[in-house]
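Colleague: Could you walk me through one part of this model slowly, starting with the surface? I'm new to this, so please explain the term you begin with, and then follow the side chains onward from there.

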Amino acid sequence: MLFLLPHRFKRYGLFMIPLGLSLWLTMQLGFISKILLLFLNENSPIIHPINVLIAIVSFFAFLIGIYFLGFSNEKMEDEMIKKTRLDSLQFAAFVQMVVIIVGFLVMLLYHEPDKEGMLLFFVFLLFTFWLCFISRFNYIIHISIKQQNEKYSEE
Amino acid sequence: MKNILKNERIKKEYTQVQLAELVNVSRQTIISIESGRYIPSVLLAIKIAKELDSRVENLFQIEKSD
């Protein structure tokens with residue numbers, strides 16, 4: 001498979017995802033502004049740019065973390081792992097397709113779609129794909145390792 | 001598809017880890033093949049057969065449902 005990173009990037013991903021997400025949530029909930037107001041004047045021109053910078057950095061840290069987690073080599077990369085990865089990608093694409101169809105139907109039937117709602121829906125779609133892919137792939141690997149350990153204790 | 005990989009491996013006195021190392025896959029893959037959850041590629045099937053001094057069609061048999 002193209003563009004697979006070394007195994008150690010998986011750990012970087014596990015570190016970056018919660019960090020990016022928590023930083024982004026902190027910014028969205030206004031805590032960054034509150035902290036900045038402890039040191040700066042309310043009308044300071046740098047409060048907004050700092051918030052924007054934190055939003056961009058945290059969002060990309062989260063996205064890159066997802067890429068690291070999803071596309072790092074396993075310790076022992078073999079054909080079964082490659083097949084599991086491919087199956088998980090197909091599963092994620094299928095789930096995303098279902099969510100697109102259902103989401104559009106719900107929006108058209110029950111709501112007047114507005115610009116912000118559509119944007120939120122597309123962001124949700126983006127993460128649906130990645131979260132489905134990563135959770136299915138790692139779940140199957142986890143189950144496989146669990147069975148391996150059970151068999152090992154039997155032998 | 002059914003297989004007699006486990007029997008043949010035990011006959012040759014290989015552990016799953018040893019066979020996995022010989023054919024350059026993980027132990028998980030050998031367990032999955034033995035339990036029938038994973039059908040190996042032609043390349044891997046040939047490698048396994050070679051290490052067990054057997055034939056692919058002897059190790060892996062097609063069932064009517066395949």
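Modeller: Sure, let's start with what a patch is. A patch is built from residues that have over 30% relative accessible area and no salt bridge, and nonpolar side chains such as Val, Leu, Ile, Met, Phe, Trp and Tyr are joined into one when they lie within 5 Å. Keep in mind that this is a predicted model.

Now for the patch itself. Phe94(A), Met97(A), Val98(A), Ile101(A), Val102(A), Leu105(A), Val106(A), Leu109(A) and Tyr110(A) make a nonpolar surface patch of about 940 Å². Let's zoom in on one of its members, Tyr110(A). You'll find Tyr110(A) in helix α4 of chain A, which covers residues 79-110. Is Tyr110(A) buried or exposed? Its relative accessibility is 65%, and exposed means over 50%, so Tyr110(A) counts as exposed.

Stay on helix α4 for a moment, and you'll meet some charges. Side chains of opposite charge can pair when their charged atoms come close. Here, Lys83(A) and Asp87(A) form a salt bridge, with 3.1 Å from N to O. The two lie in helix α4 with their positions 4 residues apart, about one turn of the helix. Lys83(A) is partly exposed at 41% relative accessibility, and Asp87(A) is partly exposed too, at 24%.

Charges can also meet rings. The charged end of Arg136(A) sits over the ring of Phe91(A), 5.5 Å from the centre of that ring. Rings meet each other as well: Tyr67(A), Phe71(A), Phe129(A), Trp130(A), Phe133(A) and Phe137(A) make up one aromatic cluster.

How many aromatic pairs does a search of the whole structure find? Over all chains, there are 14. Take Phe9(A) and Tyr12(A): their ring centres are 5.3 Å apart and their planes stand at 75 degrees, so this pair is edge-to-face. Phe9(A) and Tyr12(A) sit in helix α1 of chain A (residues 8-28), 3 residues apart, which is about one turn of the helix. Phe9(A) is buried, at 17% relative accessible area, while Tyr12(A) is partly exposed at 39%. Phe59(A) and Phe60(A) are also an edge-to-face pair, with 5.7 Å between centres and 85 degrees between planes. Phe59(A) is partly exposed at 29%, and so is Phe60(A), at 45%.

Where does chain A touch chain B? One spot is Gln148(A), which touches Arg27(B), Gln28(B) and Ile31(B). Gln148(A) belongs to helix α5 of chain A (residues 115-154), and at 17% relative accessibility it counts as buried.

Over in chain B, look at Asp53(B), in the loop between α4 (42-51) and α5 (56-59). Most residues other than glycine have a negative phi. Asp53(B), though, has a positive phi of about 50 degrees without being a glycine. Asp53(B) is exposed at 62% relative accessibility, and its side chain meets that of Lys12(B) in a salt bridge of 2.6 Å, N to O. Lys12(B) lies in the loop between α1 (5-11) and α2 of chain B and Asp53(B) in the loop between α4 and α5, so the salt bridge ties together parts 41 residues apart in sequence. Lys12(B) is partly exposed, with a relative accessible area of 32%.

Methods: Residues are numbered from 1 along each chain as its sequence is written. Chains are lettered from A and ligands numbered from 1 in the order in which they are written. This is a predicted model: local features need pLDDT of at least 70, side-chain atom pairs count only at pLDDT 80 or more; totals for chains, interfaces and linings use all residues. Side-chain values use heavy atoms; hydrogens and water are left out. Rings of Phe, Tyr and Trp (its six-membered ring) pair if their centres lie within 6.5 Å; planes under 30 degrees apart count as stacked, over 60 as edge-to-face and the rest as tilted. Buried means under 20% relative accessible area, exposed over 50%, partly exposed in between (1.4 Å probe, protein chains only). A charge sits over a ring if NZ of Lys or CZ of Arg is within 6 Å of the ring centre and within 35 degrees of the ring normal. Contact means heavy atoms within 4.5 Å. Patches are made of residues with over 30% relative accessible area and no salt bridge: like charges are joined within 9 Å, nonpolar side chains (Val, Leu, Ile, Met, Phe, Trp, Tyr) within 5 Å. Accessible areas come from the Shrake-Rupley method with a 1.4 Å probe; for residues, only the protein chains shown count as cover. A salt bridge is a side-chain nitrogen of Lys or Arg within 4 Å of a carboxyl oxygen of Asp or Glu. Lists of a residue's contacts leave out its neighbours within four places in sequence.
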